[in-house]
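This report describes how selected side chains pack inside one protein chain. Please keep the sequence and the structure in view while reading.

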Amino acid sequence: MKPIMLGKITVRKVPEIETSLPMNAIFPGVTARNLAQLKNWYWDDALSLAPADAQCGLSMHTYLVQFDGKTILIDSCNGNDKDRSMAFGHRLRTPWLDRLRELGVEPEDVDMVMCTHLHIDHVGWNTRLEGGRWVPTFPNARYVMGRRDVDHVSSPETDAFNREPWLDSILPVIEAGQADIVEEDKVILGKIGNGLWLRPAYGHSPGCCMIHARREGPSALFSGDVIHHPIQLIRPDLHFAYDWNGALAAQVRTTLLNEIAGTDTVLFPAHFRQGSAGHVERDGDVLRYRFVDG
């Protein structure tokens, strides 16, 4: 992704991996008509007009945000060397950290790591393996995490999908004294409308949130997993297979898309392929996405 300048904010994408999963398993209910509508404006070689054959192509990446002299990472992908029950994230060895360095950012330069939620593919690079121990990857950063998700993943009753990142990517940061566990509507820098602030978006996880940034230009909106794939602009009602509360997630997504459609807000989804960033626009009785980067 080419750098995007929004007033005094610069956003760049740090890619980790891409994967494809069966569309009808990830989004039960997708129809051939939905796929045909999507293919009017979105191309992915994993996409087919037959729901049984179509693949859901997903990118896993971090957004590097710089403004007010701060270097901020939004979501930290899967990380390396992690034991995972999900095959796509198990024992990875990717050059993600080198890609960050290629953008001129060393781990010591990062001021803040912000987590939209605490699933495995959003917190993995919070830590790295050093001498057999998980240590914070960014030694000078504050790690911002929503309180509801921390409460959920730290519970002994939670499942392996949530317990795995708690043990190797979240708890070590808390024990190192680098975690800021906050309410999901907290203002992080400046004020609402002119700074950096959180917005609750419960549904995909119990405490997921979106991140807004604005400084003398259009708004940047980092939606986390409120939206996973462009098909959800055609069908915002679709439940993602790993939603904690699919009905609530669909309600949040529908409200958000209708709110920003036709505005100058630049949306930065967590898993879109291609350049990722873009504008939501109306397209008859559905919505579409206009990518602003390549």
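In this predicted model, Tyr289 touches Trp41, Leu233, Leu267, Pro269, Phe272, Ser276, Ala277, Gly278, His279 and Val280, leaving aside residues up to four places away in sequence. Tyr289 also belongs to the largest nonpolar core, which has 35 residues. Within that core, the residues that touch the most other members are Met23, Phe27, Ile227, Ile231, Leu233, Val280 and Tyr289. Two or more core residues come from each of α1 (23-26), α2 (32-39), β3, α7 (231-234), α8 (246-260) and β16 (286-291). A second core, separate from this one, has 25 residues, among them Val144, Ile188, Leu196 and Ile211. As a general background, nonpolar side chains in soluble globular proteins tend to be buried together.

One of the contacts of Tyr289 is Leu267, a residue of strand β14. Leu267 is buried, and its relative accessible area is 0%. Its contacts, again without residues up to four places away in sequence, are Leu221, Ser223, Ile227, Ile260, Ser276, Ala277, Gly278, Val280 and Tyr289. Between Leu267 and Val173, which are 94 residues apart in sequence, the C-alpha to C-alpha distance is 29 Å.

The helix α2 also contributes to the largest core. Its buried residues are Asn34, Leu35, Gln37 and Leu38. Viewed down the axis of α2, these residues fall within an arc of 160 degrees, so they line one face of the helix. In general, an α-helix has 3.6 residues a turn, so residues three or four places apart point the same way. The buried residues of α2 pack against α1, α7 and β16.

Aromatic rings form a further theme. The structure holds 13 aromatic pairs. One of them joins Tyr63 and Phe268 in an edge-to-face arrangement, with 5.3 Å from centre to centre and 75 degrees between the planes. Because Tyr63 lies in strand β3 (residues 55-67) and Phe268 in strand β14 (residues 266-269), this pair ties together parts that are 205 residues apart in sequence. Tyr63 and Phe268 are both buried. Ring pairs also link Tyr289 with Trp41, Tyr42, Phe272 and Phe291 into a cluster. Elsewhere, a ring meets a charge: the charged end of Lys82 sits over the ring of Trp134, at 4.6 Å from the ring centre.

What does a search of the whole structure find for disulfides? The search finds zero. A disulfide is a covalent bond between the sulfur atoms of two cysteines. For Cys208, the nearest cysteine sulfur is that of Cys209, 7.3 Å away. This distance is too far for a bond, so the sulfur of Cys209 is not joined to its closest cysteine sulfur, in Cys208. Both cysteines are buried, as is Thr158, and the table gives their values.

| Residue | Relative accessible area | State |
|---|---|---|
| Cys208 | 4% | buried |
| Cys209 | 3% | buried |
| Thr158 | 14% | buried |
| Leu267 | 0% | buried |

Thr158 belongs to the loop between α5 (147-153) and α6 (160-175). With residues up to four places away in sequence left out, Thr158 touches His152, Val153 and Arg163. The C-alpha atoms of Thr158 and Asp225 are separated by 20 Å, and these residues are 67 apart along the chain.

Key
Residues numbered from 1 in each chain as written. Predicted model: local features only at pLDDT ≥ 70, side-chain atom pairs only at ≥ 80, totals over all residues. Heavy atoms only, no water. Phe/Tyr/Trp six-rings, centres within 6.5 Å; stacked < 30°, edge-to-face > 60°. Helix = DSSP H or I, 4+ residues; strand = E, 2+ residues; numbered from the N terminus. Buried < 20%, exposed > 50% of the residue type's maximum accessible area, 1.4 Å probe, protein only. Lys NZ or Arg CZ within 6 Å of the ring centre and 35° of its normal. Core = buried A, V, L, I, M, F, W, Y, C linked by side-chain atoms within 4.5 Å. Contact = heavy atoms within 4.5 Å. Disulfide = S-S within 2.5 Å. Arc of directions from axis to C-beta.
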